[in-house]
Amino acid sequence: MADDTDKKKQFGNRFLKNENDVFKHNAWDNVEWDETQENNALLQVCEHIKTKMPSEKAVDLENNADQYWDKFYTIHQEKFFKNRCWLFTEFPEITSLQNDKSNSILEVGCGVGNSVFPILSHSASNNIHIYCCDFSSNAINILKENSEYNEEHCTAFVCDITSDDWNSPFALESLDVILLVFVLSAIQPEKLKHVVRKFYEYLKPGGIILFRDYGRYDMAQLRFKEGRCISDNYYSRGDGTLVYFFTQDEVKQLFINSGFEEVQNLVDRRMQVNRGKQLKMYRVWIQCKYRKPTL
Ligand SMILES: C[S@@+](CC[C@H](N)C(=O)[O-])C[C@H]1O[C@@H](n2cnc3c(N)ncnc32)[C@H](O)[C@@H]1O
């Protein structure tokens, strides 16, 4: 597992040493939380659980999750998420795939391609095929209509990864990399074990999972209003989409219990600053890498 030195190299290098400087930049890296901040966050989350959403409503949101994401993409099209420009710094494994043999990447929950297109433009001349799937058919249609979509190097398909049969265009044990960018947080927590077992089946021995997602007490969690909480650390947004906030240990257990080996498990705490409104916003992301053992 990476130590603190790795963490500093990894997530940027602007550290807040003097509190008086806080509004001089838009963001600060590797911000430490003191006990008071941690306790206040816990108190806020305890308040959320007191006003849980009625269970019938939660069941409807879970059973029709694909339709809520379809509506999301009908409204926002390709304009909501930004291209994931940090991808190659955080996940050099993508660029170091060898050129002399054919390699396959699968991005799960790819949305409209904010990771797929940067990877495609980076690897167009390489022997890499990018598979990508999402259970929102609207998202996949928008992705395929993008002028950069190139069937020679990319295959997009609709798939609910919580289902037993993925009907996938690739074989078992054929993938080098599975990329998970803010997608496992959108899955019902009870279904995650099953999903991770499917990842194991499709990865080659030695293949790797690259994961980045919401961490516990991220600003997005703390600002939930009453009536949005489904269960501990699991919420529905106003538009009906679902989101879970992970701890490092939960992600670790999820993958280790399915037979993976840990390569990295880091927390990225960043303070974003609204200089105009003099607001501090605390972001928490978890970044992990898990490898399927070679035989
Ligand atoms: C927060 S978005 C992230 C999209 C994309 N990875 C990105 O970073 O821009 C979560 C995505 O996961 C997809 N998703 C949620 N549950 C899914 C499931 N069970 N199977 C496949 N995709 C799913 C949603 O449709 C949505 O596109």
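This is a short tour of a predicted model, from its ligand to its nonpolar cores and one helix.

Before you start, note that residues are numbered from 1 along each chain as its sequence is written. In this predicted model, local features need pLDDT of at least 70 and side-chain atom pairs count only at pLDDT 80 or more, while totals for chains, interfaces and linings use all residues; side-chain values use heavy atoms, leaving out hydrogens and water.

**Stop one: the ligand.** Select the ligand and the 21 residues around it, each with a heavy atom within 4 Å of it. Tyr 73, Arg 84, Gly 109, Asp 134 and Val 181 come nearest. The shell divides into 12 nonpolar, five polar and four charged residues (Ala, Val, Leu, Ile, Met, Phe, Trp, Tyr, Cys and Pro count as nonpolar, Asp, Glu, Lys and Arg as charged, and the others, Gly among them, as polar).

Now show the polar contacts (pairs of N or O atoms within 3.5 Å). A polar side-chain atom of Tyr 73 sits 2.6 Å from a ligand oxygen atom. Backbone N or O atoms reach ligand nitrogen atoms at 2.7 Å from Gly 109 and at 3.1 Å from Ile 161. The protein buries 98% of the 590 Å² that the ligand exposes when taken alone (Shrake-Rupley method, 1.4 Å probe).

**Stop two: the cores.** Next, select Leu 106, Leu 180, Leu 184, Phe 199, Ile 209 and Phe 255, the residues with the most contacts inside the largest nonpolar core, which has 78 residues. Such a core joins buried Ala, Val, Leu, Ile, Met, Phe, Trp, Tyr and Cys residues through side-chain atoms within 4.5 Å; buried means under 20% relative accessible area (1.4 Å probe, protein chains only). A second, separate core of seven residues includes Phe 72 and Ile 142.

**Last stop: helix α7.** Select residues 116-123, a DSSP run of H or I with at least four residues. Six of its eight residues are buried: Val 116, Phe 117, Pro 118, Ile 119, Leu 120 and Ser 123.

Technical notes. A polar contact is a pair of N or O atoms within 3.5 Å; within protein, one must be able to donate a hydrogen and the other to accept it, and residues adjacent in sequence count only if both atoms are side-chain atoms. Buried means under 20% relative accessible area, exposed over 50%, partly exposed in between (1.4 Å probe, protein chains only). Helices (H or I, at least four residues) and strands (E, at least two) are DSSP runs, numbered from the N terminus.
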